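Me: Please take a close look at the salt bridges in this protein for me. I'd like to hear which side chains pair up, where they sit along the chain, and how open they are to the surroundings.

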Amino acid sequence: MSARRLAVIASALVLIAGVAGIGAAWPHLTEAQAARGTTQAAQASPAAAPAVQAAPTLVAETAPAPAAAPTRQVPQSQAQMQLSFAPVVRQVAPAVVNVYATTITQVQESPFANDPFFRRFFGLQGQLFGSRPRESQSLGSGVIVDPSGIIVTNSHVVNGATDVKVAIQDGHQYDVDVLINDSKTDLAVLKIRDPKGKTFPTLSFADSDKLQVGDLVLAVGNPFGVGQTVTSGIVSALARTGVESSDYEAFIQTDAAINPGNSGGALVNLQGQLVGINTAIFTQSGGSVGIGFAIPANMAETVANAAEHGGKLVFAWLGAQLQEVTPDIANSLNLDSPRGAMVTDVAKGSPADQAGLKSGDVITAIDGIPVDQPQGLNYRIATKTIGSDATLAYVRGGAAAQATVKLEPAPGGTDNTVTITGDTRFSGTTASALTPALAQEMGLPFSAKGVVVAAIKPNSPADQMGLQQGDIVLSLNGTNITDAQTFKRIASGRPQGWQIVIQRQGQMIRSYIDG
């Protein structure tokens, strides 16, 4: 056999094996095209061309393919570049809904409405300058993740809403209940109130940790209210931080077009699985410039599971204050690069304390996954199961070490939060004891004491007194406030006056108020 003929046969074998590989990597597309019987499918699909049918035998004899997931590869011919995303869109689109949230707020009729002199001058006429309700609507998207009508969306889509509705692809609208609205993760879970016996199409969660930069993804949502829209792109980056003010940042960045109204919508892979919840964009014009961000599916699944099992969202807690590793810190500690999470404080008795972590340690990885920023470590811990173990790699004094951490919820109890009612200045106050976990959330030392004002009922005596959400009550009438029950006992009284010491936005305020 001539060398020329051998070269031709070898080239044919390479071409057949390459086409067979593409068929394996795009199963949904080629099967759908083969079913349609189009000329395009006949050119691009292994199932449509007799010459390609023999490819599996040749590949098996020369290079057995592993049983793992299909190998990623770029298109190698014009026919392969003409493959369509349509089968994936048909699969995922029915599970993406439009979310309509209505918020009613009270708006002052006049800027002088609360001015005492103005009200006194006009007497009864001053009541004309009251407040009036104003209705505003926000628009977003959501993803059905359970056939009973469980929907995941963004917290900022429904936050503060007095009425929330969803519209599915066939046009039907449903009222929903908000099961979870967590601003820390910017995720909310809704449930269709009366499905009328209907089961809904769903999207399954993918393991977002398996995403790679360069993977193809589709974004599905309702941008600008124009109707359901699909855009395509790639994963541009992973584990992005600094996008929002959150302790759990590890965003997926994509260049798939995301615009206002896409928030809460689906970011899916080519297997039709949910890899992220679209949540934010970087823009100077208000529209997409190719830099969009999605919350990873692993976090969305954690929040959805909590909603389906009682509605209480509890994350695992490390019990360590963390700081970003700057170049100066990296140089002073002889680190190879300015990456990781530096421990600055450890709560006594916390999982970090029990694992032996100390101030000055730099955590570089968790369960083998590198840690670049403190938010990334918090995200990894939050998405792990409570009660499980995690292996932390860290550097102490220039030496590498490891520690096993037992992941537990933050300490607390039902008596940590109280609400004051009755005939007292503090009526309408809901306050929580300043636990180490709450102190960490507020950026305070673990040793901080007091009770934090969690909520103030509008127009209540506490509201009229000037108490604000976020205030830390340190002392009442000379008694140090160290727990919620002590605060409730003293604040429920009716003395002739109140000597109050609070901390507000880092400033100490001492005041005396009539009883």
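**Salt bridges up close**

Reply: Happy to! Let's start with D170, which is partly exposed at 46% relative accessibility. Keep in mind that this is a predicted model. The side chain of D170 meets that of K198 in a salt bridge, with 3.2 Å from N to O. D170 belongs to the loop between β4 (163-167) and β5 (173-182), while K198 belongs to the loop between β6 (187-192) and β7 (216-221), so this pair ties together parts that are 28 residues apart in sequence. K198 also counts as partly exposed, at 30%.

The loop between β6 and β7 also holds R193, whose partner D177 lies in strand β5, so here parts 16 residues apart in sequence are tied together. Their side chains form a salt bridge at 2.9 Å, N to O. R193 has 48% relative accessibility and counts as partly exposed; D177, at 34%, is partly exposed too.

Further along the chain, R396 forms a salt bridge with D361, and their closest N and O atoms are 2.8 Å apart. This pair links distant parts of the chain, 35 residues apart: R396 is in strand β18 (residues 389-396), and D361 is in the loop between α12 (351-354) and β16 (362-366). R396 is partly exposed at 32%. D361, however, counts as buried because its relative accessible area is 2%, and the cut-off for buried is under 20%.

These pairs are among the 11 salt bridges that the structure holds.

Notes: Residues are numbered from 1 along each chain as its sequence is written. This is a predicted model: local features need pLDDT of at least 70, side-chain atom pairs count only at pLDDT 80 or more; totals for chains, interfaces and linings use all residues. Side-chain values use heavy atoms; hydrogens and water are left out. A salt bridge is a side-chain nitrogen of Lys or Arg within 4 Å of a carboxyl oxygen of Asp or Glu. Helices (H or I, at least four residues) and strands (E, at least two) are DSSP runs, numbered from the N terminus. Buried means under 20% relative accessible area, exposed over 50%, partly exposed in between (1.4 Å probe, protein chains only).
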